[in-house]
Amino acid sequence: MPDPVAAIRAALVRADDLLKAAPNRPDPDPALTSAAEVLEGARDHLDAITDADLRHDLAVQIARRMGDIDAATFAAVEPAPGMRRAPTEADDPDRVPPGQRLTPGWPVLHVGAAPTFDPATWNFTVTGKVDRRIRWDWEAFRALPSTTVTSDFHCVTHWSRLDNTWEGVLARDVLDAAGVRPEGTHALVTGHPAYAANLPLTALRADDAVFAWGVDGDRLPAVHGGPLRLVVPSRYGWKSVKWAFELRVTDRDVPGYWEERGYHDNADPWQEQRFRA
Ligand SMILES: Nc1nc2c(c(=O)[nH]1)N[C@H]1C(S)=C(S)[C@@H](COP(=O)(O)O)O[C@H]1N2
Ligand SMILES: [Mo]
């Protein structure tokens, strides 16, 4: 086994070399792609580091470089024909957070493969610091009172998609069905295939935080998290867990998938909380 710390440090040096050289090339894309691959490889070594502070420090160093690559790559994407120019902060400071641009279309972003949906075996569990643990099957979940909310979506890779109309169950109704115990302060929401995000309960109690099974008048497409995804518009998109199947109420902030890898626990796009401080 190679030493994980040494492997990550070597990958950071290699990525920095590629990133430094990229702007001087006629086509910077291949260098950016190679740097992203090197950094993805480095991420795989993180779990083997037992010292939590060192692991987080290296995770942040990886995440910051990934963020630079995302920003450079996204800046090169042209808006689709007919799309209005993305508002700048000066045009519409109330709707577009700093460092974000409107995206043409609707990008699909996730790690791993989208799961297949079987309504006969699907279930959703609420557990942790609650008065009553709950497990709903698909029929029971769909029978819960539902709402339609329109909101904006901001991904940490610098794209924003405005005016998405979600249909589903308010996250606070899910919390209240189980009854949060006094010590409950946060939640860890888990989705397939092996993904999770942590949130303060206050974010889940917002009027527009919803477990959605519909979008823009249609059933939520599988690639966008169907049959059920969380949507938390007040936070960067990685908190909006697709293929959600569990909400665990916790008495402390337990990092999720990207938070373990250097991204911010709170993730407020208006404060540009992209990476762990
Ligand atoms: N289960 C799961 N949910 C996920 C992700 C993931 O990798 N797995 N990626 C997150 C990220 S980074 C973003 S930006 C949004 C993207 O949602 P979209 O693919 O519908 O645009 O999903 C979030 N939810
Ligand atoms: Mo994202």
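Colleague: In which strand is Phe211 placed, and how are such elements assigned?

Modeller: Helices (H or I, at least four residues) and strands (E, at least two) are DSSP runs numbered from the N terminus. In this predicted model, Phe211 belongs to strand E8, which covers residues 210-215.

Colleague: Is Phe211 buried or exposed?

Modeller: A residue is buried under 20% relative accessible area, exposed over 50% and partly exposed in between, using a 1.4 Å probe and protein chains only. Phe211 has a relative accessible area of 0%, so it is buried. The C-alpha atoms of Phe211 and Val241 are 9.3 Å apart, with their positions 30 residues apart along the chain.

Colleague: Which conventions apply to the model?

Modeller: Residues are numbered from 1 along each chain as its sequence is written, while chains are lettered from A and ligands numbered from 1 in the order in which they are written. Because the model is predicted, local features need pLDDT of at least 70 and side-chain atom pairs count only at pLDDT 80 or more, whereas totals for chains, interfaces and linings use all residues; side-chain values use heavy atoms, leaving out hydrogens and water.

Colleague: What is the mean pLDDT of the protein chain?

Modeller: The pLDDT is the predictor's confidence in each residue, from 0 to 100. Its mean over the protein chain is 90, and 92% of the residues reach 70 or more. Over residues 79-85, however, the pLDDT is below 50; beyond near neighbours in sequence, this stretch has eight contacts in the model. Contact here means heavy atoms within 4.5 Å.

Colleague: How many helices and strands does the protein chain have, and how is its compactness judged?

Modeller: The protein chain has seven helices and eleven strands. Its radius of gyration is 20 Å, close to the 19 Å of the globule rule for 277 residues, so the chain is as compact as a globular protein of that length. The radius is taken over C-alpha atoms, and the rule is 2.2 Å times the number of residues to the power 0.38. Along the principal axes, the C-alpha trace spans about 55 × 50 × 35 Å. Of the 277 residues, 48% count as buried. Among contacts with a separation of 6 or more, 68% join residues 24 or more positions apart.

Colleague: Where do the cis peptide bonds at Pro193 and Pro227 lie?

Modeller: The bond joining His192 and Pro193 is cis, with omega about -10°; Pro193 lies in the loop between strand E6 (186-191) and strand E7 (195-200). The bond from Gly226 to Pro227 is also cis, with omega near 15°, and Pro227 lies in the loop between strand E9 (218-219) and strand E10 (229-231).

Colleague: Which phi values do His158 and Ala267 have?

Modeller: His158 is not a glycine, yet its phi is positive, about 85°. His158 sits in the loop between strand E4 (147-154) and strand E5 (159-170) and counts as buried at 11% relative accessibility. Ala267, likewise a residue other than glycine, has a positive phi near 65°. Ala267 lies in the segment after helix H7 (257-260) and is buried at 0% relative accessibility.

Colleague: With which residues is Ala35 in contact, leaving aside neighbours within four places in sequence?

Modeller: Those residues are Ala15, Leu18, Leu19 and Ile69. Ala35 is found in helix H2, residues 29-44, and is buried, with a relative accessible area of 0%. Between the C-alpha atoms of Ala35 and Thr150, 115 residues apart in sequence, the distance is 37 Å.
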